[in-house]
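Good morning, everyone. Let me walk you through one protein, piece by piece. Please keep the picture in view while I talk.

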Amino acid sequence: MIGSAILSSRGVIKRFGGFTALNGIDFDLGDRERVGLIGPNGSGKSTFVNCLTGALPHEGKVVFADSDITTMPAWRRARAGLARSFQIPRPFRGLTVRQNIGVPLSFISGVSDQDELNAKANHVLEQVGLLSRADASPKSLSQVDLRKLELGRALAAQPRVLIADEAMAGLSDSEVDEILDLLIQLNNSGIAIILIEHIMRAVIRFSQRVVVFVAGAKIADGDPREVLDHPEVVRAYLGQ
Ligand code: ADP
Ligand code: MG
């Protein structure tokens, strides 16, 4: 890890009935760090995100910005600056792009003045490159713009940590690069980011460190090249 931790887990265990989805995860994200989280389908990546963000109760502990947040409800974690985007964007289809940013913005920041809210929403839209589509309906957005809107909704909280869960699935090579550029720019502005991604080229370009989950356990954590050459990681991916 680079620098001091902004987000950590210790011994996180998640069981669904008799099935153990996470088997004691110890994890650290450095302040302003970019970490790639990879693993086969069903290895527990999204479940882990749900534990970190408060969507699922679990055993073990989660610490954010030096506070134990293990029992803090999800909405308070979001307000405190722990943001995530979802695998499948679900914008409010009846609202404009700007209003889609305004909803989380007013909830998180407590701002209710419409002009102030619009100004703040415009700033977020500028960050994600969607300002020119502010008055459009999400229904008219392309896949890549929908992903940007989803990231914008997460950014409304002015987070210190952003967890992007498969923000690039189904995009073309150049669209993947657009989202990567955006994430790296957000990271440069001071946001630590966990990127969950299957596209290895994107993981390599993005990550300062790579963490690998297999069947609910962390099997590798370190330098991207070394981790991806690790025999156990190769086995998990090639199914040998
Ligand atoms: P990944 O994001 O790495 O593809 P998930 O975290 O979505 O994996 O899932 C990990 C495992 O936990 C899978 O076997 C999945 O079926 C199971 N799982 C996830 N959520 C639930 C749930 N709400 N109830 C029961 N099983 C679940
Ligand atoms: Mg997932």
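The protein is divided into two domains. Domain 1 takes residues 1–81 and 160–240. Domain 2 takes residues 89–158. Please remember that this is a predicted model.

How far apart are the centres of domain 1 and domain 2? Taken over C-alpha atoms, 24 Å separate them. The two domains do touch: 19 residues of domain 1 are in contact with 13 residues of domain 2.

Now the area of that interface. The size of an interface is often given as the accessible area lost when the parts come together. Here, domain 1 and domain 2 bury about 1300 Å² between them. Of that area, 68% is on carbon and sulfur atoms. Which residues of domain 1 lose the most area to domain 2? They are R79, L182 and L186. Together they account for 31% of what the domain 1 side buries.

What about charges? Across the interface, the rule finds 1 salt bridge. As for salt bridges, K148 forms one with E178. The closest N and O atoms of that pair are 2.5 Å apart. Between the two domains, 5 residue pairs are in polar contact, both residues at pLDDT 80 or more.

Which elements give two or more residues to the side of domain 1 that touches domain 2? There are α2, residues 74–80, then β7, residues 161–165, and α6, residues 173–188. Helix α6 gives the most, with 7 residues.

Next, the sheets. Strands of a sheet pair through backbone hydrogen bonds, either parallel or antiparallel. We will see both.

Start with an open sheet of 4 strands. Its order is β2-β1-β4-β5, and the pairing is antiparallel. Why is one side of β2 and of β5 left without a neighbour in the sheet? Because β2, residues 19–30, and β5, residues 67–68, stand at the edges, each with a single partner strand.

Look at the β1 and β2 pair. Strand β1 covers residues 5–16, and 9 bridges join β1 to β2. The two run antiparallel. One place to look is S8, which stands opposite D28 in β2.

Stay with the edge strand β5, where D68 has its place. D68 and S9 are 59 residues apart in sequence, yet 9.7 Å apart in space, C-alpha to C-alpha. Leaving aside neighbours within four places in sequence, D68 is in contact with K61, V62 and V63. The side chain of D68 also makes a polar contact with the side chain of T70, at 2.6 Å.

Just a step back along the chain is a loop. A65 lies in the loop between β4, residues 59–64, and β5. A65 has a positive phi of about 50°, although it is not a glycine. Is A65 buried or exposed? Neither label fits: at 28% relative accessibility, A65 counts as partly exposed, because that value falls between the cut-offs of 20% and 50%.

R32 also has a positive phi, near 70°, and R32 is not a glycine. R32 lies in the loop between β2 and β3.

That brings us to β3, residues 34–38. Here is the parallel case: 4 bridges join β3 to β9, and the two strands run parallel. The bridge partner of I38 in β9 is V212.

How many residues of β9 are buried? The strand covers residues 209–214, and 5 of its 6 residues are buried. In a regular strand the side chains alternate between the two faces of the sheet.

Strand β9 has another partner too. 5 bridges join β9 to β10, residues 217–222, and these two run antiparallel. The bridge partner of V214 in β10 is A217. What do β9 and β10 form? They form a hairpin, with 2 residues between them. A215, in the turn, has a positive phi of about 50°.

One last residue. R98 is found in helix α3, residues 97–109. At 18% relative accessibility, R98 counts as buried, because buried means under 20%. What is R98 in contact with, leaving aside neighbours within four places in sequence? The answer is N118, A121, N122, L125, A134 and D135.

That is the tour. I am happy to go back to any part of it.

How values were computed. Residues numbered from 1 in each chain as written. Chains lettered and ligands numbered in written order. Heavy atoms only, no water. Buried < 20%, exposed > 50% of the residue type's maximum accessible area, 1.4 Å probe, protein only. Pairing = 2+ DSSP bridges. Domains from an automatic or database assignment. Contact = heavy atoms within 4.5 Å. Buried area = accessible area lost by both parts, 1.4 Å probe. Salt bridge = Lys/Arg side-chain N within 4 Å of Asp/Glu carboxyl O. Polar contact = N/O pair within 3.5 Å; in protein donor to acceptor, adjacent residues only side chain to side chain.
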